[in-house]
Amino acid sequence: MSAPAYGVLRQVTGTASVLLENNPSSMTLEGTNSWVLRATPSAPAVVVDPGYRDLEHLELLAGVGPVELVLLTHFHPDHAEGAPWFAERVGAPVRAFDPSLCVGASSFADGEVIEAGGLSLRVLHTPGHTDDSVSLVLDGQVLTGDTILGRGTTVLHDLGDYLRSLRKLIDLPPGTTGLPGHGPELPDLPATAREYLAHREQRIDQVRSALQELGADATPRQVVEVVYADVDRALWAPAELSVQAQLDYLRSEEQG
């Protein structure tokens, strides 16, 4: 699936369109997906993840029409930095799991149903990439932020949390469309979540094997050099974060 052109609102489902921010990198893939949700073409929008404080992108996003609510999937700046400016520009409140990110509204809770613009979005707290990561379930589709990407795998903060989050997403109905924070949409998110879970379990086994070779006190960098030897070295630094999460997980298992 080809990436949409920057600055062009692309309809993805009956209720969801995406505006791709021009911030490509090894971490953001083609860039940040800012999602525009509408119950009908004339209804006010719910905007998810405005992106960086990139005024060109945010002005284009403001041009989609009236915005009733801004939602954030997590605190990382490529999703949330532009939210305060955008919220003031369109006159809408901002809600997130982390109260410090909210503007003119309260934080939301796991399982809460958000009613806005004629839409009902159910909040799933899906930590692992960050403690405050959420996924938003809407009519057979789910906005995943960075919990599941359109391709590749995400950097982890807490592996135990992440495995539990994947199992939540696996439990969604088959054929649920995934609308990620980066990369193309996913036709069957639960199937992708199962693939992610299998991949993580494989990585855990690889880290265990590396520790047998390197010793129990091996550093994340030493493990990366073994487990991620076939991965572009430009990605080794973020891989160290995921390996640290895996080491913490394995060591907590041993202590438990």
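In this predicted model, the domain assignment splits the protein into domain 1, covering residues 8-188, and domain 2, covering residues 198-254. Measuring from centre to centre over C-alpha atoms, domain 1 and domain 2 sit 29 Å apart. The two do touch: 13 residues of domain 1 are in contact with 11 residues of domain 2. The size of an interface is often given as the accessible area lost when the parts come together. Here, about 940 Å² is buried between domain 1 and domain 2, and carbon and sulfur atoms give 71% of that area. As for salt bridges between domain 1 and domain 2, the count is 0.

Next come the strands. One open sheet is built from 6 strands, in the order β1-β2-β3-β4-β5-β6, and its pairing is mixed. The edges are taken by β1 (10-11) and β6 (94-95); each has a single partner strand, so one side of each is left without a neighbour in the sheet. Within this sheet, β2 (residues 16-20) and β3 (residues 33-37) run antiparallel and are joined by 5 bridges. Taking one residue of that pairing, valine 18 has tryptophan 35 in β3 as its bridge partner.

Further along the chain is strand β10, which spans residues 141-145. Of its 5 residues, 5 are buried, so β10 is largely enclosed by the rest of the structure. That holds for both faces of the strand: Gln141, Leu143 and Gly145 point one way, Val142 and Thr144 point the other way, and all are buried.

β10 also has strands to pair with. With β9 (residues 134-138), the pairing is antiparallel and runs over 3 bridges. Leucine 136 is found opposite leucine 143 of β10. The hairpin of β9 and β10 has 2 residues between the strands, and in this hairpin aspartate 139 takes a positive phi near 45 degrees. With β11 (residues 177-180), β10 runs parallel, and 4 bridges join the two. There, glutamine 141 has threonine 177 of β11 as its bridge partner. Helix α4 (residues 159-170) comes into the picture as well, since β10, α4 and β11 make up a right-handed β-α-β unit.

A look at one loop adds a contrast to the buried strand. Glycine 118 lies in the loop between β7 (113-116) and β8 (119-125). With a relative accessible area of 72%, glycine 118 is exposed. In sequence, glycine 118 and alanine 43 are 75 residues apart, yet in space their C-alpha atoms are 7.3 Å apart.

Salt bridges come last. The structure holds 9 of them. One is formed by glutamate 30 and arginine 151, whose closest N and O atoms are 2.7 Å apart. This pair ties together distant parts of the chain, with glutamate 30 in the loop between β2 and β3, arginine 151 in the loop between β10 and α4, and 121 residues from one to the other. Arginine 151 counts as partly exposed, at 41% relative accessibility.

Another salt bridge joins arginine 95 and glutamate 112, with 3.0 Å between the closest N and O atoms. Again the pair links distant parts of the chain: arginine 95 belongs to strand β6 and glutamate 112 to the loop between β6 and β7, 17 residues apart. The two partners fall into separate exposure classes: arginine 95 is buried, at a relative accessible area of 11%, whereas glutamate 112 counts as partly exposed at 23%.

A further salt bridge is found in helix α5. The side chains of arginine 208 and aspartate 205 meet at 3.0 Å, N to O. Both residues lie in α5 (residues 189-214), 3 residues apart, which is about one turn of the helix. Arginine 208 counts as partly exposed at 34% relative accessibility, and aspartate 205 counts as partly exposed too, at 44%. Finally, Arg221, Glu225 and Glu240 are joined into one network by salt bridges that share partners.

Methods. Residues numbered from 1 in each chain as written. Predicted model: local features only at pLDDT ≥ 70, side-chain atom pairs only at ≥ 80, totals over all residues. Heavy atoms only, no water. Buried < 20%, exposed > 50% of the residue type's maximum accessible area, 1.4 Å probe, protein only. Pairing = 2+ DSSP bridges. Right-handed = clockwise from strand over helix to strand, strands pointing away. Domains from an automatic or database assignment. Contact = heavy atoms within 4.5 Å. Buried area = accessible area lost by both parts, 1.4 Å probe. Salt bridge = Lys/Arg side-chain N within 4 Å of Asp/Glu carboxyl O.
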